[in-house]
Amino acid sequence: RGEYMINKDMTVLEAIQENPQVEQILLSFGIGCGIFSSNSRITIEDMCIKKGIDIERLINELNYNRFY
């Protein structure tokens, strides 16, 4: 796994490359696979705003799960 923490300014694709589990975590937050293919440049922050998801909660979950 990479050495960097996932942050809100990363694109969704960058986060998935950093940790393949990101895709499953996003699905658990109700974010479908269409978001990945519809815009490869969408940031995690933009996605959260668009979907009405708490950014801090998602980022915490993404980074917590990268170690387990």
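**Core, contacts and one salt bridge**

The largest nonpolar core has 19 residues, and Ile6, Ile44, Met47 and Leu58 touch the most other members. Helices α1, α2 (22–28), α4 and α5 each supply at least two residues of this core. The largest share comes from α5, with four residues. The model is predicted. The points below take up the core member Leu58, then Ile53, Thr11 and the Lys8–Glu45 pair.

**Leu58 in the core**

- Leu58 is among the core residues that touch the most other members.
- Beyond four places in sequence, Leu58 touches Ile25, Leu26, Phe29, Ile44, Met47, Cys48 and Ile53.
- Two of these partners, Ile44 and Met47, are themselves named with Leu58 among the core residues touching the most other members.

**Ile53 in the α4–α5 loop**

- Ile53 sits in the loop between α4 and α5 (55–65).
- Its relative accessible area is 13%, so Ile53 counts as buried; the cut-off for buried is under 20%.
- Outside its neighbours within four places in sequence, Ile53 is in contact with Phe29, Ile31, Cys48 and Leu58.
- Phe29 is 24 residues from Ile53 in sequence, yet their C-alpha atoms are 7.8 Å apart.
- Phe29 and Cys48 also appear among the residues that Leu58 touches.

**Thr11 before α1**

- Thr11 belongs to the segment before α1.
- With a relative accessible area of 15%, Thr11 is buried.
- Its contacts, leaving aside neighbours within four places in sequence, are Ser40, Arg41, Ile42, Thr43 and Ile44.
- One of these contacts, Ile44, is also touched by Leu58.

**The salt bridge**

- The count of salt bridges is one.
- Lys8 and Glu45 form a salt bridge through their side chains, at 3.7 Å from N to O.
- Lys8 lies in the segment before α1 (12–18) and Glu45 in helix α4 (residues 44–51), so the pair ties together parts that are 37 residues apart in sequence.
- Lys8 is partly exposed, at 35% relative accessibility.
- Glu45 is partly exposed too, at 23% relative accessibility.
- Partly exposed covers the range between under 20% and over 50%, so both values, 35% for Lys8 and 23% for Glu45, fall in that class.

Note on methods
Residues numbered from 1 in each chain as written. Predicted model: local features only at pLDDT ≥ 70, side-chain atom pairs only at ≥ 80, totals over all residues. Heavy atoms only, no water. Salt bridge = Lys/Arg side-chain N within 4 Å of Asp/Glu carboxyl O. Buried < 20%, exposed > 50% of the residue type's maximum accessible area, 1.4 Å probe, protein only. Contact = heavy atoms within 4.5 Å. Core = buried A, V, L, I, M, F, W, Y, C linked by side-chain atoms within 4.5 Å.
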